[in-house]
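Colleague: Please pick one part of this model and take me through it slowly, contact by contact. I would like to see how charged side chains pair up there.

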Amino acid sequence: MTVSQARSRAPGRSNPFDWSGGHPALDLVNTLDERPFDTPIEMLAGYGDLLNFAELAGLIEASAAKRLRSFGGPACTRVVRRVRDLREQLYAILAAIHDGLPVPQNPLDAIAAEVRRAHAARAFTATGRSGAIVSGWRLPASQEMPLHACALAIEDLLLSADHGRIRKCGAADCEVYFIDTSKAHRRQWCSMKNCGNREKQRRWRSATE
Ligand SMILES: [Zn+2]
């Protein structure tokens, strides 16, 4: 299922998220909005938000998200906390790379531990007579599924993505990360509609003052 298919399949879901990352792990980092400000906006406030994000990002199937919506309680709260921890660990790595600093080992270790748990929640199964092997979740509905799915997305970003193309938005008051997939590799803004236009106006004003 592609990301756009997943998003179009869930038109009724609350969708306050920023999808300019171009990779679900970067979209996850961007779920803490307005990072440079004193009071950033937490888009993953509860388990329902996490399910919405994971479903809309194409990380878990709509049917699984539907089953998991009946879950709740302290165990789900802990799952949300672990996802936010993962997110901030990835953010620390991206920020270090962006600033030209050595990548810190602690967040890498913490992410690796969650990735190991995520792989342990997966199983191989043979389908039908063709013997095709597929990888899927061991349990059809585990409250940790969105956490594991986020961990696997981060693993994919760290191991497979072209890190040279991961950028932070060029606006001074925006810390949205994205993969630059533009042909010329010169994308500067998380979105032209917001930061791009705002920065252009700001530069134009300061040039004409
Ligand atoms: Zn921006």
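**The charged cluster around Glu42**

Modeller: Happily! The side chains of Glu42 and Arg87 come together in a salt bridge, with N and O 2.8 Å apart (the term covers a side-chain nitrogen of Lys or Arg within 4 Å of a carboxyl oxygen of Asp or Glu). This contact links distant parts of the chain, since Glu42 belongs to strand S2 and Arg87 to helix H5, 45 residues apart. Helices (H or I, at least four residues) and strands (E, at least two) are DSSP runs numbered from the N terminus. Please keep in mind that this is a predicted model: local features need pLDDT of at least 70 and side-chain atom pairs pLDDT 80 or more, while totals for chains, interfaces and linings use all residues. Residues are numbered from 1 along each chain as its sequence is written, and side-chain values use heavy atoms, without hydrogens or water.

Glu42 has another arginine partner to look at. Its side chain also meets that of Arg84 in a salt bridge, at 3.7 Å from N to O. Strand S2 spans residues 41–42 and helix H5 spans residues 74–98, so the pairing of Glu42 with Arg84 ties together parts that are 42 residues apart in sequence.

Now follow Arg87 onward. Besides its contact with Glu42, Arg87 forms a salt bridge with Glu88, where the closest N and O atoms are 2.7 Å apart. Arg87 therefore has a salt bridge to Glu42 as well as one to Glu88.

How buried or exposed is each of these side chains? Arg87 is buried, with a relative accessible area of 2% (buried means under 20%, exposed over 50%, partly exposed in between, with a 1.4 Å probe and protein chains only). Its partner Glu42 counts as partly exposed, at 27% relative accessibility. Glu88, on the other side of the Arg87 pairing, is partly exposed too, with a relative accessible area of 28%. Arg84 also counts as partly exposed, at 26% relative accessibility.

Put the contacts together and the cluster takes shape: Arg35, Glu42, Arg84, Arg87 and Glu88 are linked in a network of salt bridges. When you trace it on screen, a handy place to begin is Glu42 in strand S2, then Arg87 in helix H5, and from Arg87 on to Glu88. For context, a search of the whole structure finds 12 salt bridges.
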